[in-house]
Amino acid sequence: MAPLSCRDLPARLPALPRRATAHAQLSFLRAPAPRRPLITSTASTSAGTLRLPLAATRDEEVVASPVGHLEPHDVAHGHQYRDDVQQEEEEEEDDDDARRRGARKQQEELPARWREIHGRDDWAGLLDPMDPLLRSELIRYGELAQACYDAFDYDPYSRYCGSCKYPRRELFERLGMAGAARGYAVSRYLYATSNFRFPAFFPQSRAGAKIWSQSANWIGYVAVSTDEESARLGRRDVAIAWRGTVTRLEWVSDLMDFLRPVAAEGIPCPDPDVKVLAGFADLYTDRDPTCRFCKYSAREQVLTEVRRLVGRYAARGEEVSITVTGHSLGSALAMLSAYDIAESGANVAAGQAAPVCVYSFAGPRVGNAAFRRRFESELGVKALRVVNVHDNVTRMPGILVNEGAPEAVRRVAERLLRVPWCYSHVGVELALDHKRSPFLKDTLDPACYHDLEAHLHLIDGALSTSSCWRCP
């Protein structure tokens, strides 16, 4: 058959059959019997023909307004429901306005109250019930600590496993922390190592010899508040955030729980009785001359940066504060670095000493009773420890001999018996209970008790240490 040309087609194509309407497409599948035609009629159905009411083909009758069939009391009930919904929406708007006004009022109070929030009076009267301004500041610094986890490269197939995933100038922005991105500028990344050696630092990494470092790992950062944020805070704030335990060298450091004099670690201290956990001290003071990231220890890195920043802004006549935060192992390093900053005088410039404060989350004990005395009384460093009462990490080390034991028992154990596990917590404790939260499931997993985000949730919701959950 020869192909047809367009010229061979008739001038007017025959009319195509009209497509059935949506109502006419209704069918009932009764295989294998043939379909029966649908006939619109008001009459009753016969045995041979399926009939639908005529109204089924008319939209205006099918979709009839139910209002005309409502009784008067039903209509009144509908109006009342609409009024109730409108009233609830207005009340929610009023609540939102009240919260915004409260937040603005708190922020206006911060420049005048920052020393109180920073621990000048050891947070007396601020914990039970929890002061709203303290609550917001604890969450803010807790999120700075959480950033250390969120930015850490855990990918075993990455050659940068163990480093930070983002450049320091883009850290907060890449993490989606808009407030921190506007308020702080990261001035230095911190790296740590340990002289305890495994055959390979990251044996789980598939990168092999191409890995970025065989001995270093990214463990935190130093940031300084911007001009806009400094005006809001009432001072220039130097924030130091430390990451918790992730790598196996850090786990080994956690388990090296015997006490060692800080002077033996290169930290200047006039009291030889001041001792800290050996594993924490090693991670803080060890260095690797062959590694470009750990050529200087974490201690040298943080002290150098703090001295630079404090000197720079103190020379401008600004008030400067130093706030150190961390979770778990990061909490221990926060305590140790805050003590070291005050002990070495890194916070002193132009004849003024910047106040040093620690916001600790789920932290273990760090040193002995002499360390606590030097930390609190002699150097005046402030520390607020946020703990979950069900978290066992905060009870270690020093389970048997700690700050709860009588003074005579601790002296005998530490001085006469030379027991190397006599520890003492420092600072003020803010004890919270995750079982009071209506939003957290009760679980037997101890890692959930220790989770940083769970602690921040408890801070946000707990009305006080002894009462129920606050209303949202």
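The chain exposes an accessible surface of about 25800 Å². Carbon and sulfur atoms account for 55% of that area. These values come from a predicted model.

Start with the chain as a whole. It has 472 residues, and 43% of them count as buried. Its secondary structure comes to 14 helices and 13 strands. Contacts reach across the sequence: among those between residues at least 6 apart, 71% join residues at least 24 apart.

Now turn to one pair of helices. Helix 8 covers residues 278-285, and helix 9 covers residues 298-314. Their axes come within 5 Å. They cross at roughly 60°. On the helix 8 side, Leu283, Tyr284 and Thr285 make the contact. On the helix 9 side, Ala298, Arg299 and Val302 make the contact. By class, this contact has four nonpolar residues, one polar residue and one charged residue. Thr285 is the polar one, and Arg299 is the charged one.

Next, look at the surface. Met396, Ile399 and Leu400 make a nonpolar patch there. The patch measures about 360 Å². Take Leu400 from this group. Leu400 sits in the loop between strand 12 and helix 12. Strand 12 spans 382-388, and helix 12 spans 407-416. Is Leu400 buried or exposed? Its relative accessibility is 80%, so Leu400 counts as exposed. The cut-off for that class is over 50%. Leu400 is thus a nonpolar patch residue placed in a loop.

How values were computed: Residues numbered from 1 in each chain as written. Predicted model: local features only at pLDDT ≥ 70, side-chain atom pairs only at ≥ 80, totals over all residues. Heavy atoms only, no water. Axes fitted to C-alpha atoms, helices over the stretch in contact; angles between N-to-C directions. Helix = DSSP H or I, 4+ residues; strand = E, 2+ residues; numbered from the N terminus. Contact = heavy atoms within 4.5 Å. Patch = residues over 30% accessible without salt bridge, like charges linked within 9 Å, V, L, I, M, F, W, Y side chains within 5 Å. Areas by Shrake-Rupley, 256 points an atom, 1.4 Å probe, with all protein chains shown as cover. Salt bridge = Lys/Arg side-chain N within 4 Å of Asp/Glu carboxyl O. Buried < 20%, exposed > 50% of the residue type's maximum accessible area, 1.4 Å probe, protein only.
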